[in-house]
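The exercises below can be worked through with the sequence and the model side by side. Try each task before reading its solution.

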Amino acid sequence: MLFQAVLKRILIGFATLFVVSIIIFLGTSLLPGDVAEIILGQMATPESLAALREKLGMNHPPHTRYLLWLGNLLSGDLGMSKAGSGAGTIGTEISVMIAPRLVNTLRLAGMVALISIPLAMSLGLLASMYPGSRIDRTITFTTLSIISIPDFLVAMILVMIFAVQLGWLPSIAYMSGNETGWQLIRALLMPTLTLVTIVSAQIIRMTRATILNIMSSPYIEMAILKGVPRKRIILRHSLLNTIGPIVNVIALNLAWLIGGVVIVETVFAYPGLAKLMIDGVQTRDLPLVQACAMIFCGTYVVLIMIADMASIISNPRLRHPK
Amino acid sequence: MKEVRDLQQKYVDGSINRRDFIKAVGALGIAVSAAGSLLKATDVMAKTPKKGGSVRMASNLHGPDDQMDPIVMTSNVDYTRAHTNYNGLVQMRDNMVVSPELAEEFSPNSNATEWTFKLRKGVKFHDGSSLTADDVLWSMNRHLGEKSPSVIKGFFSQVKEWKKMDSHTVKAVLNSPDSDLPAKLTEKQAKIVKEGTTDFKKGNGTGPYRMTSFEPGVKSMHVRNEDYWRETGNFDAIELTAITDPQARVNALIAGDMHMISDVDAKMIKLIESSNGVSVNSTKSGRYGGICILNNTAPGNNPDFVKGMQLIQDRERIVRSILKGKGEVGNDHPISTAYGADHCYELPQRQYDPEKAKYHLKKSGISSAELFVAEVATGIGDSCLLMQNNLRKIGFDLKIKKVPTDGYWGAVWMKEPLNVVSWNMRPTANSMLDIQFAPGAAWNDTFWNNERMGKLLKMNLAETNPAIRHEMFCEMQALVSMFSGMVIAYHTNVNDGVSDKIHGIPVNPLGSIGGCTWPEFAWMEA
Amino acid sequence: MSIDEKIKEKITSFEELPDAPPRRKIRFSIGGKIGIFFVFFWIVMVFIGPYVSPYNEADILDESLFIVPGGEEYPDTDYQPPSKVAFLGTDYLGRDTLSRILYGARTTIGISFLATLLAYLLGVTLGIAAAVGSEWLDMFLSRFNDAFLSIPTIMMGLVVIAAVGSTIPILIGMTGLIYATSVFRVARSLGQDVMVSDFVEAAKVRGEGLWWIITREILPNVVMPLATDFGLRFVWIILFISSLSFLGLGVQPPMSDWGSMVKENLGGLPYGSISPLMPSLAIATLTIAINLIVDDISAHSGGKLSNRMI
């Protein structure tokens, strides 16, 4: 029974990925201005455009290009970007471009998750243990305020304080490539700090809400009526039931850390994957945009799949919903 | 004060000594005390460049399409890499003087229809091979022909062919005279690469630095080329990157994470100047942001409408409050005072005159228009908003449609009836006017085809008498200003942020940080 | 208060239902009351903002207004501190910050509200359809929805705007579509929970029709959580649109919206200008206020809420 439900969830994941690939391919084809126009920019002329288009192989019909692309994708070939190609010469393999960016993205996401998840979950738990208390109010108000400020302003304020005024940390996350240990961590501290602030605020809110929610379900009320102490109820009775929703919250935040942090990457000039994709959109490097988008969507689909399995396991009713 | 600069250059080169310098400066009517401070400033220039140090520079834009193929380079970070890795036949040294580089000598025939370049011997590419006429021929031929993807092929449209005379001599044969050819060859796109190169990412050139790594859209790293053919190239290592967010770029300079940044927003100049250890390097330039009003369609085909748009420009205020003084007012033609003698001082300056503007707009019968704006040039968005505000006061409704810069050149520029444009300064006044206003030119962005203009451009290239040449330039500037449909309210300086430790940046207004030529000449205080 | 009334109205309709969960009266805490005050304040400003503001949002103030006796002939007008001329100071171009915030209330709240409404219209319709419809319909809708949901929102925004341009209708339509995906998830899962609940199973056993179950059991039971979710979604949308403005996308100048105001005045921060902080404060007061109200409602509702607010 459980095995079947999990298997079904995995199949659903694959189906989603297939739909994703179609959406991404169609979506990116909608972008106006083709690669050739973008490469030549202000200096384009009809002749140089035609010449470059031919060289970039942009003359096939769309469905052929989709099938070719999907086939290559399945065989692990992400395709070629026009990056650094110059006129009429070979470009760069996308996998080569993406690999270091992916490492950077995972490194940053890892550092943020490592700090913010334990921190945020304990604070969320703390707030929900004493709802309405001074601790709860402080936590609630602080997190609300942080959530309500646009993230680029949060980043800029932190830079003004820690880099420009105090001079403790570098203002950008620039890496020469030979940093190790502490140097590396130091270079990453500013964006990490910013993201921890933003992500923690989200997780705290959601953890608190989830637990309070479970606290109001009938079996907990029963426990309260029986006179079980509140702390004990949270830690013994409700925590187990919150696993499903909270794993979902964490999964969503992780997915966001992989694909949604473009503003932080821009402000700190951090060469992550999200920035690469934005650059790809701006330069109409379609193969690159498609590859990045597939990575983001794939990550999301897998993370949510894991979270859903946790929900299935924790709530037997969801094993056969209809 | 061109004379003073020439003297400074001579002093720096060592061709005159201290006493001669002061004497010569005095002869120009400059007080001795001022001469002293000039000497001090010149001493800094003359300080023997120190070798060593590792420098980091952040440009304003980069992306996965960063190029190492010179002929398709379009961004500052590319241009800077062109100067680390490659050399040209000739180069622009301080104050816009064309000097020899890979060509030891260059000379025209009597009517400038042929140019001969004698190549330096013993120059080696980074891969160890020697520079020969074949490499030059191959590199130059890439700019020729209808199908060439070169972004400056328009400069060489009058080149009939490049000829190899012997292993170290080449000759350009032209269809019509061109006295500006060497100046055009100083462009970054005209750098010399190895014959038959297919993978440009290695950056195999003859330049002062070798590339150790190149990640498009992230950074590139360079180390000194120990086999370089001359004594320049002072840094041990150079790292080139870009920080696209203007505020973050300035923060990085102030916090000491970068030694140089390009394109400082005018609003942040005060901030840099009030911070320790960094300063703004502001160079007067012909760079401008302007409004193109297309001539071949409404409303630009109505001369009164164009007049109204030109008269509503509050030029003084733009320079004062938007450029913070780092620029000069424009006179609706591209030749600013930075072009020196070629600028037409005789042409009266167009002033802000809302009454007259109202009169002309009323006469035109047009009461609203739509202007497409992308942040393609310093201050262009803000100056358009100021214009919109002033037009609103006289009852004209200008709608501004803000569009992203990516895709702008393909989708909007030269297509929408009213759009904005940015032009960098070109090496000569003629090449600037020619590229934008020659009848039928590929980038004639207001579709203004004037026969007289075309004639003047050609005659001007063949003319050698400076007075007559100036007269021709004046007529062309007047024509553009009156009839072309361009609104050029201001010229902006090239503003860059530089650490006080960096010296020796060439004075070159053609691009950011000494026209991107700094890698070879700048040096770092230990 | 509209939300309040809506909720009360729905609560009374609960009484007809035999097996629906019990209702409780909402009592607002101090935070909730402050929240109601601010929401009310901004709703008023949406209607009267432009009429009470000292200048037009597009006015670039004249230099002559800032001349102090004995000072410069042409003083700076940008990033000016608060004064009698401009109560909250001026922005990067010398426009009055207060006027732009007051005008911006209409743009910001209007766009976000319409986008949220659109998201709900689409999301709830399809979500409930998926929850009660055939397995194939659910499968089809859910896969498409998951696929859209998996694309990072900001990337999707960027691509859409790069493809079709940035006008207010496009901004509303795009944001509505993007957020419809998450509303769909919430609505579907709420609907499903109700579908597997005891009282619906009982109704099925009683032999009630599908339409009866939707209108009598599902909708009344999901309205309350959805109303709360509406508030939070509205907040996300305000913040999403301000993120877009960081990437240079948003309303057309000289119109003001709060997010763009923060972005365009960021450069004033190092000079100690309050021009980027004021619009940010406006966003914060509104979003915090909505959150405080939602907190109160969800604390008292007893329904399954927050774990779906994702």
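**Exercise 1.** Which residues in H5(C) are buried?

*Solution.* The model is a predicted one, and the count rests on a cut-off, since a residue is called buried if 20 or more other C-beta atoms lie within 10 Å of its own. Applied to H5(C), this gives Thr153(C), Ile154(C), Met155(C), Gly157(C), Leu158(C), Val159(C), Val160(C), Ile161(C) and Ala162(C). The helix is thus mostly covered, with nine of its twelve residues buried. As to its geometry, H5(C) takes in residues 153-164 and reaches 16 Å from its first C-alpha to its last, close to the 16 Å expected at 1.5 Å a residue. After the helix comes Gly165(C), whose phi is positive and near 90 degrees.

**Exercise 2.** Starting from Met277(A), find which residues it is in contact with, leaving aside its neighbours within four places in sequence.

*Solution.* The contacts of Met277(A) are Val289(A), Cys292(A), Ala293(A) and, in chain C, Met155(C). Met155(C) is one of the buried residues of H5(C). Turning to the largest nonpolar core, which has 301 residues, Met277(A) and Cys292(A) are the members that touch the most others. The element that gives the most to this core is helix H8 (residues 210-246) of chain C, with 16 residues.

**Exercise 3.** Decide where the buried residues of H16(B) lie around its axis.

*Solution.* First check the helix itself: the 18 residues of H16(B), 466-483, should span 26 Å at 1.5 Å a residue, and the end C-alpha atoms are 26 Å apart, which agrees. Next, list the buried residues, which are Arg469(B), Met472(B), Phe473(B), Met476(B), Gln477(B), Val480(B) and Ser481(B). Because they cover an arc of only 165 degrees around the axis, they are on the same side of H16(B). The spacing can be understood from the general rule that an α-helix has 3.6 residues a turn, so residues three or four places apart point the same way. On the other side of H16(B), Ala467(B) and Ile468(B) are exposed. Finally, the buried residues pack against helix H14 (429-437), helix H15 (451-462) and strand S18 (486-492) of chain B, while Gly485(B), just after H16(B), has a positive phi of about 90 degrees.

**Exercise 4.** How many residues of chain B are in contact with chain C, and which element gives the largest share?

*Solution.* In this interface, 19 residues of chain B are in contact with 20 residues of chain C. On the chain B side, two or more residues come from each of helix H10 (315-322), helix H12 (380-393) and strand S16 (397-402), and H12(B) gives the largest share, six residues. By type, that side divides into seven nonpolar, five polar and seven charged residues.

Notes:
Residues are numbered from 1 along each chain as its sequence is written. Chains are lettered from A and ligands numbered from 1 in the order in which they are written. This is a predicted model: local features need pLDDT of at least 70, side-chain atom pairs count only at pLDDT 80 or more; totals for chains, interfaces and linings use all residues. Helices (H or I, at least four residues) and strands (E, at least two) are DSSP runs, numbered from the N terminus. The expected span of a helix is 1.5 Å times one less than its number of residues. Two residues are in contact if their C-beta atoms, placed from the backbone, lie within 7 Å. Ala, Val, Leu, Ile, Met, Phe, Trp, Tyr, Cys and Pro count as nonpolar, Asp, Glu, Lys and Arg as charged, and the others, Gly among them, as polar. The arc is that of the directions from the helix axis to the C-beta atoms. A nonpolar core is a set of buried Ala, Val, Leu, Ile, Met, Phe, Trp, Tyr and Cys residues joined through C-beta atoms within 7 Å.
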